[in-house]
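Colleague: I am new to this structure and would like a close look at a single part, the nonpolar core. Please also say what surrounds that part and how far the model can be trusted there.

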Amino acid sequence: MFARVKRLFTIKTRFEAFMVIYALGVGAVDRGIHYLEQYPGMGGWMLFAACPIAVFMAGARILDSLDAGLE
């Protein structure tokens, strides 16, 4: 039973990986916009920039883990 549920949350293809990365990116930009509203000025912009950078790092890790699984 748990194996079937686990299979639903496993990224198997590059297309699925890109969909997950896109969703993470949309959420990160939305969170960054909230940071800009809460912290006007340079601090808000730095927090805004940190959100997509975290998605870039996570996306690279997701894509690397897919490539490692194909070998």
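Modeller: What follows goes from confidence to the core, then to some residues beside the core and on the surface.

This is a predicted model, and its protein chain has an average pLDDT of 90. Of the residues, 96% score at least 70. Helix α2 has the highest confidence, with a mean of 95, while α1 has the lowest, at 84. Where pLDDT is low, the predicted coordinates should not be read in detail.

Now the core. The largest nonpolar core has 8 residues: A17, I21, A28, C51, V55, I62, L63 and L66. Two elements, α2 and α3 (42–70), each give two or more residues to this core. Helix α3 supplies the largest share, 5 residues. In soluble globular proteins, nonpolar side chains tend to be buried together.

Take A17 as one member of the core. Setting aside neighbours within four places in sequence, A17 is in contact with I11, I62, L63 and L66. I62, L63 and L66 are also listed in the core.

Next, L24, which is in helix α2, a helix that covers residues 14–38. L24 counts as partly exposed because its relative accessible area is 39%, and a core residue has to be buried, which means under 20%. Even so, L24 touches V55 and I62, with neighbours within four places in sequence left aside, and both V55 and I62 belong to the core. The C-alpha atoms of L24 and I53 are 11 Å apart, and these two residues are separated by 29 residues along the chain.

A23 is also placed in helix α2. With a relative accessibility of 48%, A23 is partly exposed. From A23 to V55 the C-alpha distance is 9.7 Å, across 32 residues of sequence.

On α3, G44 can be set against these two; it lies in that helix. G44 is buried, because its relative accessibility is 0%. Apart from neighbours within four places in sequence, the contacts of G44 are Y35, L36 and Y39. The C-alpha atoms of G44 and the core residue A28 are 13 Å apart, with a sequence separation of 16 residues.

Last, the surface. M1, V5, L8 and F9 make a nonpolar surface patch of about 540 Å². One of these, V5, sits in helix α1, which spans residues 2–8. V5 is partly exposed, since its relative accessible area is 38%. The mean confidence in α1 is the lowest in the protein chain, at 84.

To put the part you asked about in brief: the core draws two or more residues from each of α2 and α3, and α3 gives 5 of them. L24, partly exposed at 39%, is in contact with V55 and I62.

Definitions and conventions: Residues are numbered from 1 along each chain as its sequence is written. This is a predicted model: local features need pLDDT of at least 70, side-chain atom pairs count only at pLDDT 80 or more; totals for chains, interfaces and linings use all residues. Side-chain values use heavy atoms; hydrogens and water are left out. Patches are made of residues with over 30% relative accessible area and no salt bridge: like charges are joined within 9 Å, nonpolar side chains (Val, Leu, Ile, Met, Phe, Trp, Tyr) within 5 Å. Accessible areas come from the Shrake-Rupley method with a 1.4 Å probe; for residues, only the protein chains shown count as cover. A salt bridge is a side-chain nitrogen of Lys or Arg within 4 Å of a carboxyl oxygen of Asp or Glu. Helices (H or I, at least four residues) and strands (E, at least two) are DSSP runs, numbered from the N terminus. Buried means under 20% relative accessible area, exposed over 50%, partly exposed in between (1.4 Å probe, protein chains only). Contact means heavy atoms within 4.5 Å. A nonpolar core is a set of buried Ala, Val, Leu, Ile, Met, Phe, Trp, Tyr and Cys residues joined through side-chain atoms within 4.5 Å. pLDDT is the predictor's confidence in each residue, from 0 to 100.
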